[in-house]
Amino acid sequence: MKVLFISPQPFFQERGTPIATLSVLKVLTKRTNPTISIDLACYHEGSSPELPNLKIHRIPNISYLNNVLPGPSLKKLLCDIFLFLIVIKLVWTHGRKHYQLIHAVEEAGFMAYLIKLFTGIPYIYDMDSCMSEQVVEKWVIAKHLKGLFQFFEKRLFRNSQQILAVCPQLVTYAESLGARNVSLLSDYSMLDEAQTPAIKSLREECGISSAEKIILYVGNLEFYQGIDLLLESFHLVASEIPDARLVIVGGAPEHVEAYQRKIQEWDSRPQVFLLGQRPLNYLASYLSEATILVSPRLKGNNTPMKIYSYLQSRRPLLATAIGSHTQVLDQEISELANASPESFSLAIKKLTQDSERRGKIAEAAFQHSKERYTFEAFARNLNFCYDFLQQKNT
């Protein structure tokens, strides 16, 4: 079976959607009934993982298009134009009967829809987010065009063979626009992957003693992640919790510098550490050192991928009580707080002072994670969807 896989991101890089794409490719390239051969079309940046039956096709390496960040942007739009040209070239060169299926991630679904109109090649839509909402949130002027965006999303949904939605809210959204055959394909904990001890522990790197408490955030520093909320919340309680240290791992250099400038004048500045990007293989090592893990996200439909690793870490999780989190989390396996500095700071104070509560939710979260969010469960669900499509098309 020949599959054209379209991933509109730098691949491979250690961040959300590229990690999810690699997970899907690991499963598909191991299928044997039938064996799947994949042509992957993606951006120019990133490493090339060694997987069987996988050939990577990249857009031209143009310096202006380097460092493509998550979320909508002009740079990403230009990359998508080049990506679509690569896709057209692949389909045109090999002929319409060469590919039996297109697997399209995020906005590549629209490319797959257009290809299907002209060639009849069926497609799977790998839905990691609600694109119409992302565009409206990024550019205020686009809010007047939300209805138009949803019109095209509806066409995309209704013409797909299968939709793989990463979280329950996206399943509901796709079905509300008339999608058929929508399946939930949740992310899973990265702690099951090969892990390497960090060269330096967080305590060594930041000079934090064993008696001090680490409040840890891991992930990118885009606005929607709520880093401003986290910093403001910590600033409110830092004087009351003198033994607490806030450690933030991840983020592009320009974002790290911007937040360092923000805290420069704060009295709590010596208690805050922004470490920038670190290898994904260090994740288990870092999480194991935390007293509290935090996800201060402000908006979005999809559950952050980090949540699944947080749950398995046996460390207590504090998250904002927004739909992105509550579709996976509840008060049994996490501490939830409103997305305001006052509410989130009170929750930080509560958890740092209540060791019994920390232990209770951490253990409950671990058991919940092992039941639902493993790579084995992910592979089983993805294979089931492909088995269904194979039977449907034979």
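Which residue stands opposite Tyr125 in E6? It is Ile163, and the views below, all taken from a predicted model, start with the sheet around that pair.

**View 1. Here is an open sheet of 7 strands with parallel pairing.** Reading across, the order goes E3-E2-E1-E4-E5-E6-E7. Strand E3 (54-58) and strand E7 (182-184) sit at the edges with a single partner strand each, so one side of each has no neighbour in the sheet. Going from one strand to the next, the twist averages 20 degrees. As a bit of background, strands of a sheet pair through backbone hydrogen bonds, and they can do it parallel or antiparallel.

**View 2. Now we zoom in on strands E5 and E6.** Strand E5 covers residues 123-127 and strand E6 covers residues 162-165. The two pair in the parallel sense, over 4 bridges. Look for Tyr125, with Ile163 of E6 standing opposite.

**View 3. Another open sheet shows up here, built from 6 strands.** Its order is E10-E9-E8-E11-E12-E13, and the pairing is again parallel. At the edges you'll find strand E10 (272-276) and strand E13 (335-337), each pairing on one side only. On average, neighbouring strands of this sheet are turned by 25 degrees against each other, direction ignored.

**View 4. This one is a closer look at strands E12 and E13.** Strand E12 takes in residues 317-320, and 3 bridges join E12 to E13. The two run parallel. Thr320 is the residue to spot, as it stands opposite Ala337 in E13.

**View 5. Helices H2 and H3 pack against each other.** Two packed helices are described by the angle between their axes and the distance between the axes. For H2 and helix H3 (residues 108-119), the angle is about 30 degrees and the axes are 11 Å apart. Angles under 35 degrees count as roughly parallel, so H2 is roughly parallel to H3. The crossing of H2 past H3 is right-handed.

**View 6. A nonpolar patch of about 870 Å² lies on the surface.** Eight names to look for: Ile62, Tyr64, Leu74, Leu77, Ile81, Leu85, Ile88 and Trp92 make up the patch. One of them, Leu85, has its place in helix H2 (residues 74-94).

**View 7. Asp387 and Arg31 form a salt bridge.** Their closest N and O atoms are 2.8 Å apart. Asp387 belongs to helix H15 (residues 375-392), while Arg31 is in the loop between helix H1 (16-28) and strand E2 (37-42), so this pair ties together parts that are 356 residues apart in sequence. How many salt bridges turn up in a search of the whole structure? The search finds 12.

**View 8. Two loops have backbone details to look at, at Phe12 and at Asn53.** Most residues other than glycine have a negative phi, and most peptide bonds are trans. The peptide bond from Phe11 to Phe12, though, is cis, with omega near 0 degrees. Phe12 lies in the loop between strand E1 (2-6) and H1. Over in the loop between E2 and E3 is Asn53, whose phi is positive, near 60 degrees.

Note on methods
Residues are numbered from 1 along each chain as its sequence is written. This is a predicted model: local features need pLDDT of at least 70, side-chain atom pairs count only at pLDDT 80 or more; totals for chains, interfaces and linings use all residues. Side-chain values use heavy atoms; hydrogens and water are left out. Two strands pair if DSSP finds at least two bridges between them. Axes are lines fitted to C-alpha atoms, for helices over the stretch in contact, and angles run from 0 to 180 degrees between N-to-C directions. Patches are made of residues with over 30% relative accessible area and no salt bridge: like charges are joined within 9 Å, nonpolar side chains (Val, Leu, Ile, Met, Phe, Trp, Tyr) within 5 Å. Accessible areas come from the Shrake-Rupley method with a 1.4 Å probe; for residues, only the protein chains shown count as cover. A salt bridge is a side-chain nitrogen of Lys or Arg within 4 Å of a carboxyl oxygen of Asp or Glu. Angles under 35 degrees count as roughly parallel, over 145 as roughly antiparallel, 65 to 115 as roughly perpendicular and the rest as oblique. A crossing is left-handed if the near helix is turned anticlockwise from the far one by less than a right angle, and right-handed if clockwise.
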